[in-house]
Amino acid sequence: MNENCLFCKIIGGSIPSSKVYEDEYVYAFRDINPQAPVHVLVVPKAHIASAAEINTDNSVYVAKCFEAITKIAASEGLGSGYRVITNCGEDGGQSVMHLHFHLIGGVKLGEKII
Ligand code: AMP
Ligand code: ZN
């Protein structure tokens, strides 16, 4: 945990959040500025700064995030599809330096980059 990190504080409970899911490895909560009817942030409980910091020692957290995404997508009623996004670094538009996956859905999504 990083005491200066917003998402570590949310995981620790010192900053409130709208929790959607939690297990030993993962915490998930609703984005404060939703971009779609469902917009959940799925974060590892370990402080990994970004996708650029994933390695052999911590990649289990990434796998667990995606296992959680499958469960959350089902519980949020996203059976017809959804999008998962991670922004990485300055050029990638990352604003919170704790790895997170945006789970977005609940509407037919437009505008694709790839
Ligand atoms: P990113 O720009 O990819 O780093 O995404 C950071 C996300 O965190 C943005 O979508 C913000 O709306 C969201 N966010 C920032 N602060 C909070 C908060 N206190 N609770 C929930 N979501 C937040
Ligand atoms: Zn953190």
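Me: What percentage of the 114 residues in the protein chain is made up of buried residues?
Reply: Keep in mind that this is a predicted model. A residue goes in the buried group when its relative accessible area is under 20%. Of the 114 residues in the protein chain, the share that is buried comes to 36%.

Me: Is His100 buried or exposed?
Reply: His100 sits in the loop between strand S4 (82-85) and strand S5 (101-105). The cut-off for buried is under 20% relative accessible area. His100 has just 5%, so we call this residue buried.

Me: Which residues is His100 in contact with, leaving aside its neighbours within four places in sequence?
Reply: Contact here means heavy atoms within 4.5 Å. With those sequence neighbours set aside, the partners of His100 are Phe7, Leu41, Val42, Val43, Ile85, Thr86 and Gln94.

Me: Which residue has its backbone oxygen 2.6 Å from a polar atom of the His100 side chain?
Reply: A polar contact needs a pair of N or O atoms within 3.5 Å. The side chain of His100 offers a polar atom, and 2.6 Å away from that atom lies the backbone oxygen of His98.

Me: What pattern does the protein chain follow along the sequence?
Reply: Start with the parts: there are two helices and five strands. Reading along the sequence, you get α-β-β-β-α-β-β.

Me: What is the radius of gyration of the protein chain?
Reply: The C-alpha trace spans about 35 × 30 × 25 Å along its principal axes. For 114 residues, a compact globule would come out near 13 Å, and the chain agrees with that, at 14 Å.

Technical notes
Residues numbered from 1 in each chain as written. Chains lettered and ligands numbered in written order. Predicted model: local features only at pLDDT ≥ 70, side-chain atom pairs only at ≥ 80, totals over all residues. Heavy atoms only, no water. Helix = DSSP H or I, 4+ residues; strand = E, 2+ residues; numbered from the N terminus. Rg over C-alpha atoms; globule rule 2.2 N^0.38 Å. Buried < 20%, exposed > 50% of the residue type's maximum accessible area, 1.4 Å probe, protein only. Polar contact = N/O pair within 3.5 Å; in protein donor to acceptor, adjacent residues only side chain to side chain.
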